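Hi,

Here is the structure I said I would pass on. Have a look at it first, and my notes follow underneath.

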Amino acid sequence: MEARAQARFVRISPRKARAVVDLVRHKDVDEALGILRYTPTRAARVVTKVVSSAAANAENNLELRWGRLYVDKIYVDEGPVFKRVRPRARGRRHLIRKPTSHITVVVRERKEG
């Protein structure tokens, strides 16, 4: 059985979020949260919340044991890009792109043995 959690439309670049997500893939939930606690990026705070939420979903909804949970799948998809305009010299404009991300975490219980 698996539990999942998603954070959608997070205002962080998918490229930056993927760098953080790669640190915790296939790790135990406690180990993943420990790694994220000491990762000094803005994306780490968001990923921490999603991993915690997925683990809480597993514990409360599916009655899985927290100590045996691990991050089975974790991935970042691109969300919509907000486009803003900044005035430039001679009446021109410059497009500012503000990317968003969808972060998905799936946790499973490790088999005994």
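Below is what I found in it, starting with the sheet and then moving to a helix and one of its residues.

Before anything else, keep in mind that this is a predicted model.

The sheet: three strands make up an open sheet, ordered E1-E5-E2, and the pairing is antiparallel. The edges are taken by E1 (2-10) and E2 (69-78); each has a single partner strand, so one side of each is left without a neighbour in the sheet. Going from one strand to the next, the twist averages 15°. As for how E1 meets E5 (residues 101-109), the two pair in the antiparallel sense over seven bridges. If you want a spot to check by eye, try Arg4, whose bridge partner in E5 is Val106.

The helix: H1 covers residues 14-24 and lies across E2 and E5. Relative to E2, H1 runs at about 165°.

One residue in that helix is worth a click: Arg18, which is found in H1. Is Arg18 buried or exposed? Neither, really: its relative accessible area is 34%, and because buried means under 20% and exposed over 50%, Arg18 counts as partly exposed. Leaving out residues up to four places away in sequence, Arg18 touches Val76, Asp77 and Glu78. You could also look at Arg18 together with Val47: they sit 29 residues apart in sequence, and the C-alpha to C-alpha distance is 10.0 Å.

Shout if anything is unclear when you open the file.

Cheers

Note on methods: Residues numbered from 1 in each chain as written. Predicted model: local features only at pLDDT ≥ 70, side-chain atom pairs only at ≥ 80, totals over all residues. Heavy atoms only, no water. Pairing = 2+ DSSP bridges. Helix = DSSP H or I, 4+ residues; strand = E, 2+ residues; numbered from the N terminus. Axes fitted to C-alpha atoms, helices over the stretch in contact; angles between N-to-C directions. Contact = heavy atoms within 4.5 Å. Buried < 20%, exposed > 50% of the residue type's maximum accessible area, 1.4 Å probe, protein only.
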